[in-house]
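Please read these numbered points with the structure open beside you. Each one takes up a single part of the chain.

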Amino acid sequence: MTNSPNAQPESLHIVCPHCDAVNRVPTAKLASEPVCGKCQKLLFTGQPTDLSSARFLKHIDRSDIPVLVDFWAPWCGPCRTMAPFYAQAAQRLEPHFRVVKVDTEQAQDLAARYAIRSIPTLALFKGGREVARQPGAMDAQNIVAWATQNNR
């Protein structure tokens with residue numbers, strides 16, 4: 001590994017979307033459908049992962065890749081409209097992002113902790129910290145562009 005500040009690390013910690021085990025994945029193998037060492041399921045499914053409050057912090061804190069979060073609610077019309085676009089964006093963003101959804105009705109503690117005032121709201125987390133936020137529904141192309149732009 002080089003000492004350049006922009007050098008990719010040799011491996012990344014990836015939290016399994018199925019069993020929440022933290023896996024070390026060689027960076028070079030990130031795009032080759034890595035599987036979890038614990039449950040043997042794919043680490044990237046091309047679909048957003050639904051996270052409860054109990055699972056959320058582990059994914060945010062332990063993942064070495066950025067985590068894109070859709071804070072939504074089942075009764076929200078714009079949230080339901082954006083859902084298929086968010087799923088399309090997940091297919092394009094993984095494995096360089098973990099794409100997750102948090103139901104603010106089920107995880108009211110997270111909605112309060114992160115001061116979610118409107119839904120849908122997208123938030124991007126890196127290294128356990130929120131680095132960007134965007135309220136309002138977007139299509140897949142704009143979700144991908146927003147996440148990519150804010151990951152710099």
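1. Start with the contacts of T49. Leaving aside residues up to four places away in sequence, T49 touches P17, R55, R98, V99, V100 and K101. T49 belongs to strand 3, which covers residues 49–50. With a relative accessible area of 6%, T49 is buried, because buried means under 20%. Please keep in mind that this is a predicted model.

2. K101, one of the residues that T49 touches, also takes part in a contact between a charge and a ring. The charged end of K101 sits over the ring of W72, at 4.8 Å from the centre of that ring.

3. Next come the aromatic rings. The structure holds 5 aromatic pairs. In one of these, F56 and F71 have ring centres 6.2 Å apart and planes at 50 degrees, so this pair is tilted. The word applies because planes under 30 degrees apart count as stacked and those over 60 as edge-to-face, with the rest called tilted. F56 is in helix 1 (residues 53–62) and F71 is in strand 4, so the pair ties together parts 15 residues apart in sequence. Are these two residues buried or exposed? F56 is buried, with a relative accessible area of 0%, and F71 also counts as buried at 0% relative accessibility.

4. F71 has a further ring partner, Y114. Their ring centres lie 6.3 Å apart and their planes are at 40 degrees, so this pair is tilted. F71 is in strand 4, whereas Y114 is in the loop between helix 3 (108–113) and strand 6, so the pair ties together parts that are 43 residues apart in sequence. Y114 is buried, with a relative accessible area of 13%. Ring pairs link F56, F71, Y114 and F125 into a cluster.

5. T121 is worth a look as well. This residue lies in strand 6 and counts as buried at 2% relative accessibility. Its contacts, not counting residues up to four places away in sequence, are V69, D70, F71, I116, R133, Q134 and P135. F71, from the ring cluster, is thus among the residues that T121 touches. The side chain of T121 also reaches the backbone oxygen of S118, at 2.4 Å.

6. Now consider helix 2, residues 77–93. How far apart should the ends of this helix be? At 1.5 Å a residue, its 17 residues should span 24 Å, and the end C-alpha atoms are 24 Å apart, which agrees. The expected value is 1.5 Å times one less than the number of residues. Helix 2 nevertheless has a kink of about 35 degrees at A83, shortly before the proline P84.

7. Which residues of helix 2 are buried? They are C79, M82, Y86, A87, A89, A90 and L93. As background, an α-helix has 3.6 residues a turn, so residues three or four places apart point the same way. What covers the buried residues of helix 2 includes strand 4 (67–72), strand 5 (98–103), strand 6 (121–126) and helix 4 (140–149).

8. Two peptide bonds before prolines deserve a check. E94 and P95 are joined by a cis peptide bond, with omega about 10 degrees, and P95 lies in the loop between helix 2 and strand 5. The bond from I119 to P120 is cis too, with omega near -5 degrees. P120 is found in the loop between helix 3 and strand 6.

9. The loop between strand 2 (22–26) and strand 3 contains E33. E33 has a positive phi of about 50 degrees, although it is not a glycine. At 61% relative accessibility, E33 counts as exposed, because the cut-off is over 50%. Q40 lies in the loop between strand 2 and strand 3, and its phi is near 65 degrees, again a positive value in a residue other than glycine.

10. Last, look at R152, in the segment after helix 4. R152 is exposed, with a relative accessible area of 79%. F56 and R152 are 96 residues apart in sequence, and their C-alpha atoms are 23 Å apart in space. Of this pair, F56 is buried, whereas R152 is exposed.

How values were computed: Residues are numbered from 1 along each chain as its sequence is written. This is a predicted model: local features need pLDDT of at least 70, side-chain atom pairs count only at pLDDT 80 or more; totals for chains, interfaces and linings use all residues. Side-chain values use heavy atoms; hydrogens and water are left out. Helices (H or I, at least four residues) and strands (E, at least two) are DSSP runs, numbered from the N terminus. The bend at a residue is the angle between axes fitted to the seven residues ending there and the seven starting there. Buried means under 20% relative accessible area, exposed over 50%, partly exposed in between (1.4 Å probe, protein chains only). Contact means heavy atoms within 4.5 Å. Rings of Phe, Tyr and Trp (its six-membered ring) pair if their centres lie within 6.5 Å; planes under 30 degrees apart count as stacked, over 60 as edge-to-face and the rest as tilted. A charge sits over a ring if NZ of Lys or CZ of Arg is within 6 Å of the ring centre and within 35 degrees of the ring normal. A polar contact is a pair of N or O atoms within 3.5 Å; within protein, one must be able to donate a hydrogen and the other to accept it, and residues adjacent in sequence count only if both atoms are side-chain atoms.
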